[in-house]
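Grab a coffee and work through these short exercises on a ligand and the hollows of a protein. Try each task before you read its solution.

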Amino acid sequence: MFAGPLDKCLNIEDLRLAAKRRAHKMVFDYIDGGADDEVTLRGNSSAFDRYRLLYKTLVGVDDVDPSVTLLGQKLQVPFFCSPAAGNRLFHTEGERAVAKAAAERGTIYSLSTLSSISIEEIAKLTNGPKWFQLYVWKDRVLVKEMLDRAREAGYKAMILTVDFAITGNRERDPRNGFTIPPKYGPRQAIEAMKAPFWTLDFLFGAGIRYANLSEKTAAVSLNQFVAEQLHAGFNWKDAEWLLGEWSGPSIIKGIVREDDALHAASTGFNAAMVSNHGGRQLDHSAAPIEALEPIVQAAGDRLEVILDGGVRRGTDVLKALALGAKAVSFARPYLYGLAAGGERGVNRALEIMEDAVRRDMALMGVRNVDEIDRSFLLDPNTQ
Ligand code: FNR
Ligand code: LAC
C-alpha cells in the first residue's frame, strides 16, 4: 500500500528521520524538541526500559484482539491520537490527514484548540470518533463559543489540558526564529532550500493560521501568543465552571500526581491523561510511565486513566496497560509520519504501532487486552 520510502520505515524512529529529511528545520524542531535540556523528553521513552516483561507461554495466540473501550467508545487499537497544534505547519494536508487515518484505523482523533483546520471541517471529514481539546482563552465568551461549536459539530468529549498555563522553555524554537505562521528571514530561506518539498507546499498551499479563530493572528512565537491569549490564572474552581459549560464526558490532560487525580475525580472529570506534554513544558517532570501506577491506585476506580507520552513501541503500550492504563496516546509518532508523507505517513505510523501491539500481545501470551495485568511486569525496584 505504501509506495516509496514510507514502506521502508520499519519503526517510529525511521519515520522521525524521514520527517527530518523532508521538513524545514524550524518545523521539525518544533515537533521533535522539548523544554530546557530535554531530560524529560528523553526520559518519557527511556523510562519504559526499566520495566521488563514476564511473558506467558502456551496460551494459544492465533487470534489476538487489541481493541479497548474508552469512555464508552470502542477502539480497534489500545491507542489514539493526542491533540497537536498547527498540523499544516508539518504537511499541507494537516489535521485532515490525521483525522482520516485515525478513522480508518478505528481510533479516536483529538483536535487541538490551536488546530490549523477548523472544528467544523474536521467534523465533516469522517465518521470516526472525535474529541475536542481545549486551551482556556482569557476571553470566556470565546471559550463558551468553542465548546458550543465542538458540541454542535459532534465531538464526543472534551480534553482540558492543564500543564500549559504558560509555554515551556523550548530553546530550539527561538534559535530557529520559529513563529506561527512561519516568518522568513535569510536564515529560514537558506534552510528552506534544504527542504524543497516542504517549501513548495508552504509557498503554494493556503496560508497557515489558527483555524478556530475568526481573525488571523500576527506571526509571533508560541510563547507570546499563549501569554497574550490564554488564561494562566485558570484554577480548579474555574475547571468546575468549565465542566458545567460542557456537560459531556471530560478528560483532564497533563497530570502526574495522585492528589491532582483525586481532585480531578471530585471535580467531575471522567478520565485523566497522565502526561507531561511530551517533555515540552516542565523539564525534569516525572515520566508518565513512572507516574501512572500511583494514579491508577489512587483514582483508577473513579477515572479512566490514559498514559500519554514516550510511547514508541508495542511493548510500551503493553507496559502501560499492565500498570493499569485503559489506553495510551501519542502525538509525535503520527506527526513524524505526517511530516514525512502526509496521510500516508500518518497511516504508516498507526500501522507500525498496530502491528507492533498485535505482535507483542502474541509474544506476551495474551489474546485480549483484559488479560494484561501487573503480573506481566518485573518490578523495576527488584531488578
Ligand atoms: C503537542 N501537544 C499538545 N497537547 C495539547 O493538549 N494541545 C496541543 O495543541 C498540543 N500541541 C502539540 C504540538 C506538538 C508539535 C507536539 C509534539 C505535542 C502534546 C501532545 O498532545 C502529547 O501530550 C505529547 O506529544 C505526548 O508525547 P509524545 O508521545 O508525542 O512524545
Ligand atoms: C505545544 C502546544 C501548542 O506543545 O501544546 O506546542
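**Exercise 1. Work out which polar atoms of the protein lie close to nitrogen and oxygen atoms of ligand 1 in this predicted model.**

Step 1: Start with His277, which has a polar side-chain atom 3.5 Å from a nitrogen atom of ligand 1. The cut-off for a polar contact is 3.5 Å, so a pair at 3.5 Å still counts.

Step 2: Look for another side chain. Tyr135 places a polar side-chain atom 3.0 Å from a nitrogen atom of ligand 1.

Step 3: Don't forget the backbone. At Gly310, a polar backbone atom is 3.0 Å from an oxygen atom of the ligand.

**Exercise 2. Is ligand 1 mostly buried or exposed?**

Step 1: Take the ligand by itself, and it exposes 610 Å².

Step 2: Put the protein back, and 99% of that area is buried.

Step 3: Ask what kind of space this is: ligand 1 takes up the largest cavity.

**Exercise 3. Describe the shell around ligand 1.**

Step 1: Count the neighbours, and you get 23 residues, with Pro83, Thr161, Asp308, Arg312 and Arg332 the closest.

Step 2: Check the elements. Helix 2 (25-32) and helix 15 each give two or more residues to this shell.

Step 3: Sort by class: nine residues are nonpolar, nine polar and five charged.

**Exercise 4. Find out what lines the largest pocket.**

Step 1: Get the volume, which is about 550 Å³.

Step 2: Go to the lining. There are 27 residues, and those nearest the centre are Val162, Asp163, Phe164, Ala165 and Gly254.

Step 3: Assign elements. Strand 7 (157-161), helix 11 (236-246) and strand 8 (250-255) supply at least two residues each, and strand 8 gives the most, with three.

Step 4: Split the lining by class, and 17 residues come out nonpolar, eight polar and two charged.

**Exercise 5. Do the same for the second largest pocket: which residues lie closest to its centre, and how does its lining divide by class?**

Step 1: The volume here is about 340 Å³.

Step 2: The lining has 17 residues, and Ile12, Glu13, Arg16, Ser45 and Arg312 are the closest to the centre. You've met Arg312 already, among the residues closest to ligand 1.

Step 3: Helix 1 (12-22), helix 3 (39-46) and helix 15 (332-364) each give two or more residues to this lining.

Step 4: By class, the lining holds four nonpolar, two polar and eleven charged residues.

How values were computed: Residues are numbered from 1 along each chain as its sequence is written. Chains are lettered from A and ligands numbered from 1 in the order in which they are written. This is a predicted model: local features need pLDDT of at least 70, side-chain atom pairs count only at pLDDT 80 or more; totals for chains, interfaces and linings use all residues. Side-chain values use heavy atoms; hydrogens and water are left out. On a 1 Å grid over the protein atoms alone, a cavity is a set of points where a 1.4 Å probe fits but cannot get out, and a pocket is an open set with protein on both sides within 12 Å along at least five of seven lines; lining residues have an atom within 4 Å of a point. Grid points are joined across faces, edges and corners, and a volume is the space filled by probe spheres set on the points. Helices (H or I, at least four residues) and strands (E, at least two) are DSSP runs, numbered from the N terminus. Ala, Val, Leu, Ile, Met, Phe, Trp, Tyr, Cys and Pro count as nonpolar, Asp, Glu, Lys and Arg as charged, and the others, Gly among them, as polar. A residue is near a molecule or strand if one of its heavy atoms lies within 4 Å of it. A polar contact is a pair of N or O atoms within 3.5 Å; within protein, one must be able to donate a hydrogen and the other to accept it, and residues adjacent in sequence count only if both atoms are side-chain atoms. Accessible areas come from the Shrake-Rupley method with a 1.4 Å probe; for residues, only the protein chains shown count as cover. A molecule sits in a cavity or pocket if more than half of its atoms lie within 2 Å of its grid points.
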